[in-house]
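Colleague: Got a minute to go through this one with me? Please put it up on the screen.
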Amino acid sequence: MEAQESNSGELLRDTLDMLILKAVEHNARHGYAIASLIQQRSDSALKVEEGALYPALHRLEVRGLLDSEWGLSESKRRAKYYRLTVAGRKQLEKETGRWKFLSAAIARVMEIA
Amino acid sequence: MHEMFRILRARIKAFRKRSELERDLEEEIAFHLTEKRRELEEAGAAAEDADVAAKRRFGNASLAKERSREAWIFGSVENTLRDGKYAVRVLRKAPAFSVIAVLTLAFGIGANTAIFSVMQSVVLKALPYKEPGQLYKLQEVAQDGAKRFPLTCVNAGNFLLWTRHANSAVDLALVMPSMDYLNLKDETVEITGVRASANLFQILGIQPWIGHSFSAGDDFMGRARSVILTNGLWKRLFQSDPGIVGRTIHLNGFPFVVAGVLPESFYFPKQNELYSSTIAGWTHPIEYFVNLALQPSEMRPGMQMFNFAAMGRLRPGISAKQAAAELDIAEAQVPMERLTGVKMQVDLHPLMAAIVGGAERKLWMVMAGAALVLLLVCVNLAGLLIAKGAARAHEIGVRAALGASRMDVVRQFLVEALILSTAGGVFGLAAAYWGVRVLVRSAPVEIPRLQSIAIDERVLLFSAAITVTAAVVFSLLPALWLSRRSSIGTVKAATGPTATSNRAISRIHQALAAMEIAFCTVLLVSAILLAQSLVRVLRTNAWGNVSHVLTLSFSAPPSRYQDGWRRAQLITKVIESAHNLPGVEAAGTTTALPFQGQNWGNDVNFKEAPKTEKDRPNANWRFVSPDYFQAAGVGLVSGRFLAASDYGRPLILISKRLAKELPRGVNPVGAHVYWTPPDSKAPVLCEVVGVTADVRALPEEEAPYTVYVPYWEWPPWAISLVVRTNGDVRMVAASLPQLIRRMDSQIAIPHVESLRDILNDSTASRRFVTSLGLLFALSATLLAAIGLYGLLSLSASQRTREIGLRMALGAQTRQIFRMILSEAAALALAGLGCGVVCAWAVTRLLRAFLYEVKPTDLATFVCVCAGLLVVAALASYGPARRAARVDPVTALKWD
C-alpha cells in the first residue's frame with residue numbers, strides 16, 4: 001500500500017519538475033508566479049501544492065537546471081527569480097518530446113477503447 | 001556524470017553558506033505567503049481569514065523548508081547524524097538488548113575475522129616468490145607399481161636426466177632435507193636445514209640479503225662446502241653479526257663457509273610440506289641451506305633412493321602439460337632393471353597447492369562454520385529487534401504521523417543496527433587480534449604458512465564488510481516489516497498495538513526462532529560427528545597406555561660415529577643407563593616413533609615366497625633394540641620378541657599385516673627375509689622370530705607393512721629412545737636428557753615427549769577443526785536459546801490479557817504453563833524438522849573429515865534433536881512460569 005503511494009509521489013514529482021521548467025521557459029519568474037501560471041494555464045485543473053513547489057525549485061537549482069537571482073517583484077518586494085539554464089533548456093526539450101510521445105500514445109489507446 | 005559533478009559543487013557551496021541559504025529560504029516562503037494573502041484580499045476576503053487561508057493552502061511550511069534544505073545540503077549526512085544521536089538514546093534505554101547485541105556480534109565478527117585472517121595468510125595470499133604461479137613441485141609416480149613404490153619423492157640421478165632433456169621447458173631445482181648439529185663455541189644445537197641446488201634461489205626469485213648464492217659447481221661433491229643462513233638463525237645464534245659472510249662455521253663437525261644471509265621476509269616451506277605428509281613429519285622451520293654436493297652414489301639414475309624433493313619454474317609460454325610431456329620423455333630413460341611393467345611418470349603440482357594441500361579444505365570448513373554462526377547471530381538479533389519493535393509501534397506511529405516517510409523509519413533502524421554492529425565489530429576485531437594469537441599457538445603444525453598470519457588491511461576490510469552486511473541483514477527485515485505497519489494507519493498504531501498486527505509480527509518472529517533452531521541443528525550435528533571421529537581416532541591409537549611412555553629422539557653426531565660399532569655401542573649404553581633409572585619398566589630404541597609418519601620404505605622379499613621386484617610389498621623398516629616392543633607396548637601376535645642374548649644374530653620381527661602377505665600354509669615364524677644393509681651389497685638372510693601387532697604410522701592411516709631389524713644388524717644414525725615408566729612420568733622425564741648428556745656432551749638434547757603428546761600432535765588438525773566446530777555449535781545453541789526465550793517472553797507478555805481471561809474463566813495454572821510450553825515445542829519441532837533435513841544434506845560434505853562415522857549417523861541425529869528439545873524446554877521454562885503466575889485481576893485491568 002505504501003509502495004503505491006510513494007510511486008504516485010514519484011510520478012508527480014517528475015511531472016511537477018517538467019511543468020516548472022516550462023513555466024520559466026521564456027521569462028524568469030518567482031515561485032508564486034510559477035504556481036499561479038501553472039494553475040492559470042491549466043484552467044485551474046492542476047493545482048500546484050505550494051509545499052512541494054519550493055523543494056522542487058531547489059532541487060532543480062541544485063541539479064543545475066535552474067538558476068536563481070534576487071530581484072524586485074511587481075509589488076516592489078524582494079523576490080527570488082528562477083531562470084532556465086542551458087542544461088535546463090535541454091532537459092525541457094527532452095521532457096517535452098517524451099511527454100508528446102507519451103500523451104499521443106495514451107490518447108491513441110484511449111480512443112480505441 | 002556532468003550533472004553529478006554540478007550537484008556536488010552546488011552542495012559544497014551550500015554547505016559553506018548555510019545560514020545565508022536558510023535566510024533566503026525563509027524570505028522566499030514569506031514572500032509567497034504575502035503574495036497569496038494579497039491575492040485573497042483582492043478577491044474580497046477579510047485580512048485575518050486571508051492569512052489563515054494562505055497558510056492552510058501552503059500546507060506544512062516547515063516540512064517544505066526541510067525538504068528544500070535537503071535538496072541543498074548533504075541532507076542524508078545531517079539526518080544520519082541526527083538519527084545516530086537518536087539511536088544512541090534508544091539503545092541506551094534498552095541496555096540488556098544492546099549488550100547482548102554487541103557481545104553476540106563481537107563473537108560472530110571476531111570469529112569470522114580471526115579465521116579469515118588465517119585463510120588470508122594460508123590460502124589466499126600468493127607465495128612470496130617471483131611470479132609464484134609459474135612454480136611447480138615435481139614428483140615421480142610409478143604407474144602400475146604403486147604398491148612397490150608408494151612414495152612420491154625424486155631420485156637425484158633421474159632428476160639430472162630431466163635437467164639434461166627438459167631444460168627448455170622448465171628450470172629445475174633440487175632439495176634434500178637434513179638435520180644437522182651446529183657446533184658453537186660452547187654448545188651444540190640441532191637445527192633443521194636443506195641441501196639445495198645452486199639455482200634454487202634464482203628459481204624462487206630471491207636474492208641473499210647479504211653475501212651471494214651458491215655457484216653451479218657447488219651442486220657436486222668435491223667443492224668447498226658453503227652455507228646460506230636465514231635471517232632468523234643469523235639473529236638467533238650469530239647475534240646479527242654483519243661480518244658473518246666468508247667466515248667458517250661447523251656443521252656436524254665439518255667446516256662450512258657462510259656464503260650469505262637471506263632477507264627477513266624470506267619464506268620456505270617446512271620439510272613435511274615439501275614432501276608429502278605421509279613421510280616422517282619434519283615440522284621444524286628450515287633455518288639454513290647448504291650446497292647440494294651430490295655424492296656419486298646419489299647421482300645414479302634408477303629405481304631407488306627416492307629421497308629428494310624437486311621444484312621447477314615453467315619457462316614463459318610453456319604450459320604444465322607441455323613441461324610434463326618433456327619430462328616424461330626424460331623419465332623414460334630411467335633404467336628399470338628387472339621392473340617389467342612399471343612405468344614412471346613425472347607429475348607437476350602447483351607449488352602453492354602442494355604446500356597448502358589439505359589445510360585449505362579444513363579451513364574452508366571452519367570458515368563456513370563461523371559464517372553460519374554470524375548468520376545465526378543476525379537472525380537472533382532480527383528476532384529481538386522485531387520483539388522490541390512491537391513495543392516501539394507507538395513511537396513509530398508517532399514518527400509517521402509527524403511526517404516521517406517509510407524511508408526515514410527504515411533509515412532509523414539501519415542506523416541503530418550500524419551502531420550496534422560497529423561496536424560489535426570493534427570488540428570483535430580486538431577479540432580476533434587476540435584470537436589469532438591463540439589460533440597460531442594452538443593450531444596444528446600441519447597448517448602451513450601460519451607464521452605469516454597478521455591482521456592486515458585486507459582482513460580489516462573484510463571485517464568492515466561483514467560488520468556492515470551483518471547490520472543490514474539483521475535490521476532490514478524488522479525495519480521493512482515495522483515501517484509497513486506505520487502506513488497501515490498512523491493513528492491506529494499510535495494508540496497501541498492491535499491484536500492482528502501482533503499476530504503478524506509474532507509469526508515472523510516465530511519463523512526466525514525456528515530458523516535459529518534449524519541452523520543450530522546443522523552446526524551441532526556436524527560438530528558432534530567430528531567429535532565422534534576424533535574420539536574414535538584416539539581410541540584406535542591409544543594402545544598400551546600411551547601416557548606412560550616417554551620418548552626422546554636424537555641422532556648420532558656424524559663426525560664421531562662414522563663407525564657402525566661406535567653407534568651400536570652408543571645405543572647399548574643409552575638403553576642400559578635408561579633401564580637403570582628408577583621408575584623405568586622397560587627401555588628400548590627405534591628409528592621411527594609411532595604416529596610420526598612413514599619412514600624408510602623398502603621392498604620385502606621372503607625366501608619362502610619369492611616375488612618379482614615389482615610385486616614385492618613395500619614395508620617400513622625399523623631398527624630397534626630388543627626391549628623396544630615392551631617399552632612402546634607393541635603387542636606380540638605369534639612367535640617371540642627379541643632378547644638381549646640374541647645380540648649379533650640376524651633375527652627379525654614382522655608386523656601382522658606383512659605376515660598375511662605370505663601364502664597360506666607358510667608359517668611366518670621361521671620364514672626368512674632378504675635384507676641388504678645400506679653400506680654393503682651382499683644381502684643378509686634374516687629369520688623371522690615373531691609377528692607383532694600392527695602399529696599405525698599415522699593415526700588415520702592403515703598401518704604400513706613393518707619389518708623390525710635389530711640395531712646390531714645395522715646401527716642407525718637416528719635414535720629414538722622409548723621408555724615405559726611405572727606412572728611417575730615426571731621424574732624420568734627430568735633425568736633422561738642428563739643421561740644422554742653424560743653419554744656424549746656433543747649430542748644436542750631435544751625435549752622429552754610422551755607417546756600421548758606425539759599422538760596429540762599428530763591429531764592436532766582434527767582436534768583443531770573439532771574444537772572450533774564444538775565452540776561454534778555450543779555458541780549457536782546459546783544464541784538459539786536466547787532467541788527462543790526472547791520470543792516466548794514477548795508472546796507471554798502480549799497475551800497477558802488473554803491469559804488473565806482464561807484464568808478468570810477457570811483455566812488452571814498448569815494449563816497456562818502447558819500452553820506456553822506447547823508454543824515452544826511447536827517452534828522447536830518445526831526448527832528441528834528443517835534442521836535435520838539441512839544437516840542431512842550438509843554432513844555429506846563432511847564425509848572426507850569423518851572417521852568411522854557415517855555422515856547420517858542416526859544416534860547423532862537423535863541425540864542432537866533430544867538435546868535441542870531439552871534446551872528449548874529450559875529456555876521456555878521462565879516465560880511459561882511467569883505467564884502461569886499472572887494474576888487475572890491485574891491482567892484484565894491492564895489496558
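Modeller: Sure, starting with Ala293(B): this residue sits in the loop between β8 (288-291) and β9 (309-314) of chain B, strands being DSSP E runs of at least two residues and helices H or I runs of at least four, numbered from the N terminus. The model is predicted, so local features need pLDDT of at least 70 and side-chain atom pairs pLDDT 80 or more, while totals for chains, interfaces and linings use all residues. Residues count from 1 along each chain as its sequence is written, and chains are lettered from A and ligands numbered from 1 in the order written.

Colleague: What phi does Ala293(B) have?
Modeller: A positive one, about 40 degrees, although Ala293(B) is not a glycine. Most residues other than glycine have a negative phi.

Colleague: And where is Gln239(B)?
Modeller: Gln239(B) lies in the loop between α9 (231-238) and β6 (248-251) of chain B. Its phi is positive too, about 50 degrees.

Colleague: Is Gln239(B) buried or exposed?
Modeller: Exposed, because 8 other C-beta atoms lie within 10 Å; the cut-off is 12 or fewer, with 20 or more for buried and partly exposed in between, C-beta atoms being placed from the backbone. Ala293(B) has 17 and is therefore partly exposed.

Colleague: Changing topic, which residues of α19(B) meet α22(B)?
Modeller: Leu570(B), Lys573(B), Val574(B), Ser577(B) and Ala578(B), where contact means C-beta atoms, placed from the backbone, within 7 Å. Their partners in α22(B) are Leu736(B), Leu739(B), Ile740(B) and Met743(B).

Notes: Two residues are in contact if their C-beta atoms, placed from the backbone, lie within 7 Å.
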